[in-house]
Amino acid sequence: MSETGAHAVSALFRDGRLTVVPRRAARREQVLRHLAETLFRPGVAYDEREVNEVLRTVHDDCAALRRYLVDDGWLERSADGTAYRRIR
């Protein structure tokens with residue numbers, strides 16, 4: 001029986017911090033959705049420093065989380081790499 005929704009995501013957090021970035025794609029997708037929807041507002045431009053600061057509030061490896069969010073289509077990075085936007 002697989003966990004879904006908020007229960008699956010909450011199991012990966014302790015004291016507001018992400019304890020592990022899941023390896024399984026489906027589980028990681030749940031976490032990325034949660035992070036995108038709770039940490040970033042749609043259409044708002046964030047520079048890389050701002051994205052890193054926000055992601056560091058939940059996990060020390062902000063670069064990996066930022067990369068996953070971009071690669072999985074939650075954040076869009078501008079062509080020159082200076083701005084990020086939540087796109088879904």
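Biologist: At what N to O distance do the side chains of E53 and R49 meet in a salt bridge?

Modeller: This is a predicted model, in which local features need pLDDT of at least 70 and side-chain atom pairs count only at pLDDT 80 or more, whereas totals for chains, interfaces and linings use all residues. Residues are numbered from 1 along each chain as its sequence is written, and side-chain values use heavy atoms, with hydrogens and water left out. E53 and R49 both lie in helix α3, four residues apart, about one turn of the helix; helices (H or I, at least four residues) and strands (E, at least two) are DSSP runs, numbered from the N terminus. Given that a salt bridge is a side-chain nitrogen of Lys or Arg within 4 Å of a carboxyl oxygen of Asp or Glu, the pair qualifies with an N to O distance of 3.0 Å.

Biologist: Which residue is linked with R49 and E53 in a network of salt bridges?

Modeller: R49 is partly exposed at 48% relative accessible area, and E53 is partly exposed at 42%, where buried means under 20%, exposed over 50% and partly exposed in between (1.4 Å probe, protein chains only). R49 also meets a carboxylate partner at 3.9 Å, N to O, and that partner has a relative accessible area of 27%. The residue that joins R49 and E53 in the network is D47.

Biologist: How many residues apart are D60 and R17, the pair that links distant parts of the chain?

Modeller: The side chains of D60 and R17 meet in a salt bridge at 2.8 Å, N to O. D60 is exposed, with a relative accessible area of 63%, whereas R17 is partly exposed, at 27%. D60 belongs to the loop between α3 and α4 and R17 to strand β2 (residues 17-18), which puts their separation in sequence at 43 residues.

Biologist: R86 is buried yet has no salt bridge, so which side chain of opposite charge is nearest?

Modeller: R86 lies in strand β5, and its side chain reaches the backbone oxygen of R88 at 2.6 Å, inside the limit for a polar contact (a pair of N or O atoms within 3.5 Å; within protein, one must be able to donate a hydrogen and the other to accept it, and residues adjacent in sequence count only if both atoms are side-chain atoms). For charge, Lys and Arg count as positive and Asp and Glu as negative, while His and the chain ends are not counted. At 4.8 Å from R86, the nearest side chain of opposite charge is that of E37.

Biologist: Which strand stands between β3 and β4 in the open sheet of three strands?

Modeller: Two strands pair if DSSP finds at least two bridges between them, and the pairing in this sheet is antiparallel. The edge strands, each pairing on one side only, are β3 (45-46) and β4 (75-77). Two bridges join β3 to residues 84-86, with Y46 partnered by Y84, and the strand between the two edges is β5.

Biologist: How far apart in space are V9 and H34, C-alpha to C-alpha?

Modeller: V9 is found in helix α1 (residues 5-10) and counts as buried at 7% relative accessibility. Leaving aside its neighbours within four places in sequence, V9 is in contact (heavy atoms within 4.5 Å) with Q30, V31 and H34. Although V9 and H34 are 25 residues apart in sequence, their C-alpha separation is 7.4 Å.
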